[in-house]
Amino acid sequence: MAEPATDTILVLNGPNLNMLGTREPEKYGHATLADVETLCRDTAAAFGLKADCRQSNREGELIDFIHEAHARKMKGIIINAGGYSHTSIALHDALLAVQIPTVEVHVTNIHARESFRHHSYTARAAFASLCGFGIEGYRLAIQGLAAKLGIKPKA
């Protein structure tokens, strides 16, 4: 069994997020996934937390990461499931099964885009959802997760 990670949050990014910075920069901006991960680690550290950042283009692997978060007793999950947000009942079910406080993030405002993006299965399994803030949404998500957990910023 994996080592407990009780001071850790999982930051999970789904399909095509490895292409941030080059994929449709007019929509997604020029920040890269490495920039997102640095922002998440720095923000988590401000609350005395570690951010375990993962990305996969495969639905099953994302589910495995969620199950691992449960096994390791991680405090929370920040998830940008990308296109799987709109299609994956399996991700929804995995998030519900582990009962870990979760915040959904989207770089763009999914409600201002194509109608098929307006519905999110992963949002239904999260206590909050942020969209349209660019990568800053990840910082806001971690701050909101910390508040939900009653964790104050470290001095």
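**Close-up 1. The largest nonpolar core and its best-connected members.** In this predicted model, the largest nonpolar core has 26 residues, and those that touch the most other members are Ile 9, Val 11, Val 36, Cys 40, Ala 51, Ile 78 and Tyr 138. A nonpolar core here is a set of buried Ala, Val, Leu, Ile, Met, Phe, Trp, Tyr and Cys residues joined through side-chain atoms within 4.5 Å. Buried means under 20% relative accessible area, exposed means over 50%, and partly exposed lies in between (1.4 Å probe, protein chains only). Two or more residues each come from strand S1 (8-13), helix H2 (33-45), strand S2 (50-55), strand S4 (102-106) and helix H6 (136-149). These elements are DSSP runs numbered from the N terminus: helices (H or I) have at least four residues and strands (E) at least two. In soluble globular proteins, nonpolar side chains tend to be buried together.

**Close-up 2. The surroundings of Tyr 138.** Which residues does Tyr 138 touch, leaving out those up to four places away in sequence? They are Val 11, Asn 13, Val 36, Leu 39, Cys 40, Ile 78, Asn 80, Val 105 and Val 107, where contact means heavy atoms within 4.5 Å. A second, separate core of 19 residues includes Leu 62, Ile 66, Tyr 84 and Val 98.

**Close-up 3. Strand S4 and its two partners.** Five of the five residues of S4 are buried. Thr 102, Glu 104 and His 106 point one way from S4, while Val 103 and Val 105 point the other way. S4 runs parallel to strand S3 (residues 76-80), joined by three bridges, and parallel to strand S5 (residues 128-131), joined by four; strands pair if DSSP finds at least two bridges between them. Look for Val 103: this residue is the bridge partner of Ile 78 and stands opposite Ala 128 in S5.

**Close-up 4. Charges over rings.** Arg 54 lies over the face of Phe 65, 4.7 Å from the ring centre. Likewise, the charged end of Lys 148 sits over the ring of Phe 127, at 5.0 Å from its centre. A charge counts as over a ring if NZ of Lys or CZ of Arg is within 6 Å of the ring centre and within 35 degrees of the ring normal.

**Close-up 5. Lys 154, after H6.** Is Lys 154, in the segment after H6, buried or exposed? Lys 154 counts as exposed because its relative accessibility is 54%. Lys 154 touches Ala 46, Phe 47 and Gly 48, not counting residues up to four places away in sequence. The C-alpha atoms of Lys 154 and Gly 48 are separated by 6.4 Å, although these residues are 106 apart along the chain.

**Notes.** Residues are numbered from 1 along each chain as its sequence is written, and side-chain values use heavy atoms, with hydrogens and water left out. In this predicted model, local features need pLDDT of at least 70 and side-chain atom pairs count only at pLDDT 80 or more, while totals for chains, interfaces and linings use all residues.
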